[in-house]
Amino acid sequence: MNINATLIGEAIWFGVFIWITMKYVWPPLAKAMADRQKLIADGLAAGERGKHELELAGKRSADALRDAKAKAAEILAAAEKRGVQMVEEAKVAAKVEADKVVAAAKAEIAQQVEQARAELRGRVAELAVAGAEQILKREVDAKAHAEMLVALKQEL
Amino acid sequence: MASGEPLTASGYIVHHLTNLTVGHGFWTLHLDSLIISGLLGLFAFLGMAKLASKATSGVPGKMQAFVEMLISFIDQQVKDTYHGKSPLVTPLAITIFVWVLLMNTMDLIPVDFVPMLLGAAGVHYFKVVPTTDPNLTFGMSLTVFTIMIVMGFKVKGFGGFMHEVFTVPFGAKMAPVNLLFRLIEDIAKPISLSLRLFGNMYAGEMVFILIALLGLWQLPLALPWALFHILIITLQAFVFMMLTIVYLSMASESHG
């Protein structure tokens, strides 16, 4: 074991390699690794955020669905109510109309009865006159007895 | 095996443990350690630098994912232990772990492979595992030691550093003892750091060489030892890195 100038030479090599490592190897690699670490951390954070947003969106869509359902039910109920109301109204209208028709018919009937009665009255008067003519066997002056006949008509 | 040497067991071992050298005395250079460690380091760190220059923060490629896994593992160790702010510690830890790991891995190349190849090319001695060279381990540990001292001064200031040297652990009244303790502690750090790595790798290499001496018996023995050695290779690289981080965190934190 002999110590000699080789020691100095090796120390120089050692120094050169330390210098290379310190200047050209370690800083870029350390930077690359730190950057990648940051990149991965950012990616994970973004993923987490995305997941959170998805959750929120799911909640929002569920809310919207629930709202829509409630609104649809509301509309359905309103429509039903309106339908019932319309039927009700139609019923009322129909009843009114029917009543009107019935009333009109009744009035017409009454009128016809009245007319028939009047006609009948005339016919009875004529018949009475004709009967009287027959009975009297003589010409009855219609004009002379008109007053009496009208009075008779009124009596019937 | 170099020509002209006697073909003995000790000759074989010594041959495998001799460095390829140039120069004389202190100015001897172990070319094998310098070349192998330099090539491995350049390969690893220039490769990582090239990859880092194209690093993307998007989906990483397989190679980038591998390197990122490695350095984020090291960075985690640093974060767990070192609580200062110096931007040097993590790159230093990465450098130590990757470089030492690669140099230790050279131990898994069969012991005769490289010497035979280079022997054919006329190079007679070649130690292929740079971490079995104490010059390398001391070069690293002394660099770590220097960084540690400088960091201590920077974080605590001259006054704070000196205060710690003279008052910890026994208080101001025992200042000389404290200084002695501190000196021993600080000298022990680089020595233990470098000798641990050197000793483990040297011993591992030695076992490989001894196994290689067994003739046919090396076949069933070399594999289990290599498998076991993978553990040591990784462990020693990790320990060197971890202790460096601990020393630096001690240098940048108050003892009390």
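This briefing walks through the layout, cores, cavities and ring pairs of the structure above. The model is a predicted one, so everything here is a computed description. Chain B has 8 helices and 2 strands, and its largest nonpolar core also draws on helix 1 of chain A. Two residues of chain B, F198(B) and D186(B), get a closer look along the way.

**Overall layout of chain B**

- Reading along the sequence of chain B, you meet the elements in the order α-β-β-α-α-α-α-α-α-α.
- The C-alpha trace of chain B spans about 65 × 55 × 35 Å along its principal axes.
- Chain B has 256 residues, and 45% of them count as buried.
- Take the contacts in chain B between residues at least 6 apart in sequence: 72% of these join residues at least 24 apart.
- One spot to find in the backbone is the peptide bond from V168(B) to P169(B), which is cis, with omega near 5°.
- P169(B) sits in the loop that runs between helix 6 and helix 7 of chain B.

**The nonpolar cores**

- In soluble globular proteins, nonpolar side chains tend to be buried together.
- The largest nonpolar core here holds 56 residues, and the members touching the most other members are F14(A), F45(B), I96(B), W99(B), M140(B) and M241(B).
- Which helices each supply at least two residues of this core? They are helix 1 (6-136) of chain A and, from chain B, helix 2 (31-53), helix 3 (62-81), helix 4 (89-105), helix 6 (134-167), helix 7 (175-212) and helix 8 (218-251).
- I96(B) is a good residue to click on: leaving out residues up to four places away in sequence, I96(B) touches F14(A), L101(B), M140(B), V144(B), F240(B), M241(B) and T244(B).
- Another core, of 11 residues, lies apart from the largest one, and its members include V111(B), A212(B), W225(B) and I232(B).

**The cavities**

- How many cavities of 30 Å³ or more are there? The count comes to 2.
- The largest cavity encloses about 90 Å³ of space.
- Its lining has 14 residues, of which M148(B), R182(B), D186(B), K189(B) and A251(B) are the closest to the centre of the cavity.
- Helix 6, helix 7 and helix 8 of chain B each give at least two residues to the lining of the largest cavity, with helix 6 of chain B giving the largest share, 6 residues.
- By type, the lining of the largest cavity divides into 6 nonpolar, 2 polar and 6 charged residues.
- The second largest cavity has about 50 Å³ of space.
- Around the second largest cavity you will find H16(B), P110(B), V111(B), V114(B), P115(B), F126(B), K127(B), V128(B) and E205(B).
- The lining of the second largest cavity divides into 6 nonpolar, 1 polar and 2 charged residues.

**A closer look at D186(B)**

- D186(B), one of the residues closest to the centre of the largest cavity, belongs to helix 7 of chain B.
- Is D186(B) buried or exposed? D186(B) has a relative accessible area of 8%, so D186(B) is buried, as the cut-off for buried is under 20%.
- Setting aside neighbours within four places in sequence, D186(B) is in contact with F145(B), M148(B) and I149(B).

**Aromatic rings and F198(B)**

- A pair of aromatic rings is described by the distance of the centres and the angle of the planes.
- Over all chains, the count comes to 14 aromatic pairs.
- In one of them, the rings of F198(B) and Y202(B) have centres 5.1 Å apart and planes at 40°, so this pair is tilted.
- F198(B) and Y202(B) are 4 residues apart in helix 7 of chain B, so about one helical turn separates them.
- F198(B) has 11% relative accessibility and therefore counts as buried, whereas Y202(B), at 27%, counts as partly exposed.
- F198(B) and T137(B) are 61 residues apart in sequence, yet their C-alpha atoms are 6.3 Å apart in space.
- Elsewhere, ring pairs link W13(A), F14(A), F17(A), F45(B) and W99(B) into a cluster.
- From that cluster, F14(A), F45(B) and W99(B) also appear among the members of the largest core that touch the most other members.

Conventions
Residues are numbered from 1 along each chain as its sequence is written. Chains are lettered from A and ligands numbered from 1 in the order in which they are written. This is a predicted model: local features need pLDDT of at least 70, side-chain atom pairs count only at pLDDT 80 or more; totals for chains, interfaces and linings use all residues. Side-chain values use heavy atoms; hydrogens and water are left out. A nonpolar core is a set of buried Ala, Val, Leu, Ile, Met, Phe, Trp, Tyr and Cys residues joined through side-chain atoms within 4.5 Å. Buried means under 20% relative accessible area, exposed over 50%, partly exposed in between (1.4 Å probe, protein chains only). Contact means heavy atoms within 4.5 Å. On a 1 Å grid over the protein atoms alone, a cavity is a set of points where a 1.4 Å probe fits but cannot get out, and a pocket is an open set with protein on both sides within 12 Å along at least five of seven lines; lining residues have an atom within 4 Å of a point. Grid points are joined across faces, edges and corners, and a volume is the space filled by probe spheres set on the points. Ala, Val, Leu, Ile, Met, Phe, Trp, Tyr, Cys and Pro count as nonpolar, Asp, Glu, Lys and Arg as charged, and the others, Gly among them, as polar. Rings of Phe, Tyr and Trp (its six-membered ring) pair if their centres lie within 6.5 Å; planes under 30 degrees apart count as stacked, over 60 as edge-to-face and the rest as tilted.
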